[in-house]
Amino acid sequence: LLEPFVALRNPTLAALSIIAVLYNFAFFSLLAYSPFPIHDAASEAGMSFGALQLGFVFFGWGLAVALTSVFLAPRLIEAFGLLRTMLGTMGIFALTLAAMALVISSLPGLIVGVIVGGGCLGVLNTALTETSMNATDLPRAVASSTYSGVRFMGGAFAAWLAGEIADWVGAPAPYWTAAVVLVLAIALLFGTRGLFAHLEHHEETVPESNREGVPAR
C-alpha cells in the first residue's frame, strides 16, 4: 500500500504527476463547468436547451475523446514523438479554453470548444498514460497507481473551484484560469523534458525471429 507513495521519490514520476494534476485541473474545468455557460448562452439566445440537448453536446465531446485517443494519438506520437505531441496538444487545448472565455455568450462557440477540447483530451490521455507506463523502471502497477492517484486530485479540485471562480470573478474566469494552469503544465513539461527524452526512442524489445512469425530458438 505504501509503494505508490514511495514511488513519488522518483523525480521523473513526481514531475509527470504534477504535470498531470495541472492538466486534469484544466480537463475537469472544461468538463464540469461548461454545462453552465452553455445553458446561459442558450437562454440569452432565447433557446430551450435542456438535458437532452446538453447530452448531445457531450456525446460529441466523448466521441472526439474516443476517436483521437484511438486513431489520432498514436499517429501523432509516431510522427512527432511523445514530448512534441504533448506540448503541442496542450498548447492547442490552452488556446481552446482561452477562445471559450472570449466567446462565453456564444452557444455555437462554446459547443465547438467543448468538442475540440475533447479531441485534445483524447490525445493527451493516451500520451500521458504511455509516458507514465514507460518513463521509469518502476513496476507498471506501481507507476500507474501513483500517476492516477495523484492526477485526479486536480480534477476533484477543479470541479468545485470552477463554479466558485465564476461566482467571484465572472463567467469567463474558469476558462481563463484553466488556460493559465495548462500553460504552467506546458512550462513544467518543457523544463523537465530531459527526464523524458529517453521515451522518444522507446521500443518494445521483440526477438528478431518473432517479428517474422517464427518461434524464437
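# Notebook: an all-helix chain

I began with the secondary structure and counted nine helices and zero strands in the protein chain. The model I am working from is a predicted one. Read from the N terminus, the order of elements is α-α-α-α-α-α-α-α-α.

**Entry: overall form**

I looked up the extent of the C-alpha trace, which spans about 70 × 40 × 30 Å along its principal axes. The chain has 217 residues, and I noted 44% of them as buried. I then checked the contacts between residues at least 6 apart in sequence, and 83% of these join residues at least 24 apart.

**Entry: α2 against α8**

How do α2 and α8 pack, in angle and in distance between axes? I found an angle of about 160° between helix α2, residues 11-33, and helix α8, residues 173-191. Their axes are 9 Å apart. An angle over 145 degrees counts as roughly antiparallel, so I entered α2 and α8 as roughly antiparallel to each other. The crossing of α2 past α8 is left-handed.

I listed the residues that make this contact. On the α2 side they are A15, I18, I19, L22, Y23, F25, A26, S29, L30 and Y33. On the α8 side they are P174, Y175, T177, A178, V181, L182, L184, A185, L188 and L189. By class, I have 18 nonpolar, two polar and no charged residues in the contact of α2 with α8.

**Entry: α3 against α6**

I turned next to helix α3, residues 35-44, and its packing on α6. The axes of α3 and α6 come within 9 Å and cross at roughly 155°. With the limit at 145 degrees, α3 is therefore roughly antiparallel to α6. I noted a left-handed crossing for α3 and α6.

Which residues make the contact of α3 with α6? From α3 I wrote down P37, I38, A41 and A42, and from α6 L107, L110 and V114. The contact of α3 with α6 holds seven nonpolar residues, no polar ones and no charged ones.

**Entry: α5 against α6**

I also looked up α6 with helix α5, which covers residues 82-102. The axes of α5 and α6 come within 9 Å, and the crossing angle is roughly 155°. I therefore entered α5 and α6 as roughly antiparallel to each other. The crossing of α5 and α6 is left-handed. I found 15 nonpolar, six polar and one charged residues in the contact of α5 with α6.

**Entry: two residues of α4**

S69 is in helix α4, which runs over residues 51-80. I checked the side chain of S69 for polar partners, and one of its polar atoms lies 2.9 Å from the backbone oxygen of A66. Not counting residues up to four places away in sequence, I found S69 touching P74, G122, V123 and T126.

F56 is also found in helix α4. Is F56 buried or exposed? I read a relative accessible area of 57% for F56. The cut-off for exposed is over 50%, so F56 counts as exposed. I then took the C-alpha separation of F56 and I111, which is 10.0 Å for 55 residues along the chain.

**Entry: two loop residues**

I found L138 in the loop between α6, residues 107-134, and α7, residues 140-168. Its relative accessibility is 25%, so L138 counts as partly exposed. Leaving aside neighbours within four places in sequence, I have L138 in contact with A7, N10 and L13. For L138 and L13 I noted 125 residues of separation in sequence and 9.3 Å in space, C-alpha to C-alpha.

P172 is in the loop between α7 and α8. I read a relative accessible area of 25% for P172, so I entered P172 as partly exposed. Beyond four places in sequence, P172 is in contact with A101 and I104. I also looked up P172 and L72, which are 100 residues apart in sequence and 30 Å apart in space, C-alpha to C-alpha.

Note on methods:
Residues numbered from 1 in each chain as written. Predicted model: local features only at pLDDT ≥ 70, side-chain atom pairs only at ≥ 80, totals over all residues. Heavy atoms only, no water. Axes fitted to C-alpha atoms, helices over the stretch in contact; angles between N-to-C directions. Helix = DSSP H or I, 4+ residues; strand = E, 2+ residues; numbered from the N terminus. Parallel < 35°, antiparallel > 145°, perpendicular 65-115°, else oblique. Left-handed = near helix turned anticlockwise from the far one by under 90°. Contact = heavy atoms within 4.5 Å. Nonpolar A, V, L, I, M, F, W, Y, C, P; charged D, E, K, R; others polar. Polar contact = N/O pair within 3.5 Å; in protein donor to acceptor, adjacent residues only side chain to side chain. Buried < 20%, exposed > 50% of the residue type's maximum accessible area, 1.4 Å probe, protein only.
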